[in-house]
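Hi everyone, thanks for making time this morning. Please have a look at the fold on the screen, and I'll talk you through it.

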Amino acid sequence: MSLEEEKFAGGVAVITGAGSGIGAGFARRAGAIGMHVIVADIDDAAAQAVARQIRDVSGKAEAFQLDVSQPAELDRLAHDVFDRHGSVRLLVNNAGIETLGFAWEIPVERWEKTLDVNLHGVVHGVRAFVPKMLESGAECWIGNLASVGSFGMMPTQSAYMVTKHAVQSFSECLFLEMQLKQAPIHVCSIIPGMIRTNIFNAENSAGEPDSAERFRRSMHDMMANYGMDLEEGCAVMMRGLAEGKFWVSSQPEMTADIIAGRAAFLQGQSDPAMSDQTRALVE
Ligand SMILES: NC(=O)c1ccc[n+]([C@@H]2O[C@H](COP(=O)([O-])OP(=O)(O)OC[C@H]3O[C@@H](n4cnc5c(N)ncnc54)[C@H](O)[C@@H]3O)[C@@H](O)[C@H]2O)c1
C-alpha cells in the first residue's frame, strides 16, 4: 500500500475548481487511491464530466456546483458534505483564475473577481470547513493553492500575484493556528511551478484589458511548450500532501530558485527588478 493510500483511502476529498486542470488532476488522483471525491466547480458540466471519469474507472465521485467567490456557497458545500458523509479527510482550496494587464487598466469587476475567487475562496473554504473538522477530531488535510508566483514579482500580473502572495501568508498563519490549537489538521501550501492546464486559455480572459492579450498568448504558449504534465504534477503534489509537508511543490527546484531570488531581494532591500526574459514576455 502506498503512503497516499495509507493516509487517504476511504476518506472524503473535497476539491474546488475540480472541473479542469490541477483540481481535476487532484480529483482523479484522489479517486484512484480510493477516496470519495466531491468534484466542486462553478462549471457544472465540467464537474459532472470529471466525476464521471472517476466513476468510469470504479472510483467514487460526485459533482457539486458552486461559486467559491460567494462565502455562503462554501458554507453550503461544507454543510452538505458533513451532513451526508460525516467527515472530510482532504480539502483542496484550488479554484483560481489568472488576470493579466496593467494594474490601473484592469476594470473594477475583474479586480474584485480575482480577489474573490483566488483569495476569499480560500479564506472562506477554511472558515466553512475548519469548525466541522475540529469538531470531528479526526486527522485531516487542508491544501491551499499558492504558486511560485507567491514569491515572485511580475509587471502586468499584479492582480494574480497579490492573491498568491496573500494565500501563502494565509496558509502560514493558519498552520500556526492549528499548532496553537493542537489540532490534527495538516495545513499545506500547494505550489505548482508550471503545469499544463487551461488557465491561460483565451476564453478565460473576459474583462481583461485588450493590452493583456499578447501576454496571455505568450504565457499560454510557454505553458503548452514547457509546462509539466498535469497528471504527473498532481501525483507529485498528492504524495507531498500524504507526507504531511507544509511545502508541497510540483517542481521543487523551480520553487527553491524563486524563493532564493526573493530572499536576496528582501535581504538586499533592492529595487524591484525584472530579467530580460520577463521584459520580452510582457512588452
Ligand atoms: N497551472 C499552473 O501552472 C499553476 C501554477 C501556479 C498556481 N496554479 C493555481 O492552481 C489552481 C488551478 O489552476 P489551473 O491551472 O488548474 O486552472 P484551470 O483554469 O485549468 O482550472 C480552474 C478551475 O477553477 C474553476 N473555477 C473558476 N472560478 C471558479 C469559481 N468562482 N468557483 C468555482 N470554481 C471556479 C474553473 O471552472 C476551472 O474548472 C489555481 O488556483 C491557480 O492559480 C496553477
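I'll start with the sheet, move to one of its strands, and finish with a helix that packs on it. One thing up front: this is a predicted model.

So, how many strands form the sheet, and in what order? There are seven, the sheet is open, and the order reads β3-β2-β1-β4-β5-β6-β7, with parallel pairing. Out at the edges you find β3 (60-65) and β7 (247-249); each has a single partner strand, so one side of each has no neighbour in the sheet. If you look at the twist, neighbouring strands are turned by 20° against each other on average, ignoring direction.

As a quick reminder, strands of a sheet pair through backbone hydrogen bonds, either parallel or antiparallel. Take the β7 edge: strand β6, residues 185-191, pairs with β7 in the parallel sense over three bridges. There, I190 stands opposite V248 in β7.

Now let's zoom in on β4, residues 90-93. On one side, β4 is joined to β1 (residues 12-16) by three bridges, and the two run parallel. A13 has L90 in β4 as its bridge partner. Four bridges join β4 to β5, residues 140-145, again running parallel. L90 turns up here too, with W141 in β5 as its bridge partner. To get from β4 to β5, the chain passes through helix α5, residues 108-136, and this β-α-β crossover is right-handed.

Are the faces of β4 buried or exposed? In a regular strand the side chains alternate between the two faces of the sheet. In β4, L90 and V92 lie on one side, L91 and N93 on the other, and all of these are buried, so to speak covered on both faces.

Last stop, helix α2, residues 21-32. What does α2 touch on the sheet? It packs against β1, β2 (36-41), β4 and β6, and the direction of α2 makes about 170° with that of β1.

Helix α2 also packs with helix α8, residues 230-242, at an angle of about 65°, their axes 9 Å apart. The crossing of α2 past α8 is right-handed. From α2, the residues in this contact include I22, F26 and R29, and on the α8 side they include L230, C234 and M238. Sorted by character, the residues of the contact of α2 with α8 come out as nine nonpolar, two polar and three charged.

That's my tour, and I'm happy to rotate the view for anyone who'd like another look.

Key: Residues are numbered from 1 along each chain as its sequence is written. This is a predicted model: local features need pLDDT of at least 70, side-chain atom pairs count only at pLDDT 80 or more; totals for chains, interfaces and linings use all residues. Side-chain values use heavy atoms; hydrogens and water are left out. Axes are lines fitted to C-alpha atoms, for helices over the stretch in contact, and angles run from 0 to 180 degrees between N-to-C directions. A crossing is left-handed if the near helix is turned anticlockwise from the far one by less than a right angle, and right-handed if clockwise. Contact means heavy atoms within 4.5 Å. Ala, Val, Leu, Ile, Met, Phe, Trp, Tyr, Cys and Pro count as nonpolar, Asp, Glu, Lys and Arg as charged, and the others, Gly among them, as polar. Buried means under 20% relative accessible area, exposed over 50%, partly exposed in between (1.4 Å probe, protein chains only). Two strands pair if DSSP finds at least two bridges between them. A crossover is right-handed if, with the strands pointing away from the viewer, the path from the first strand over the helix to the second runs clockwise.
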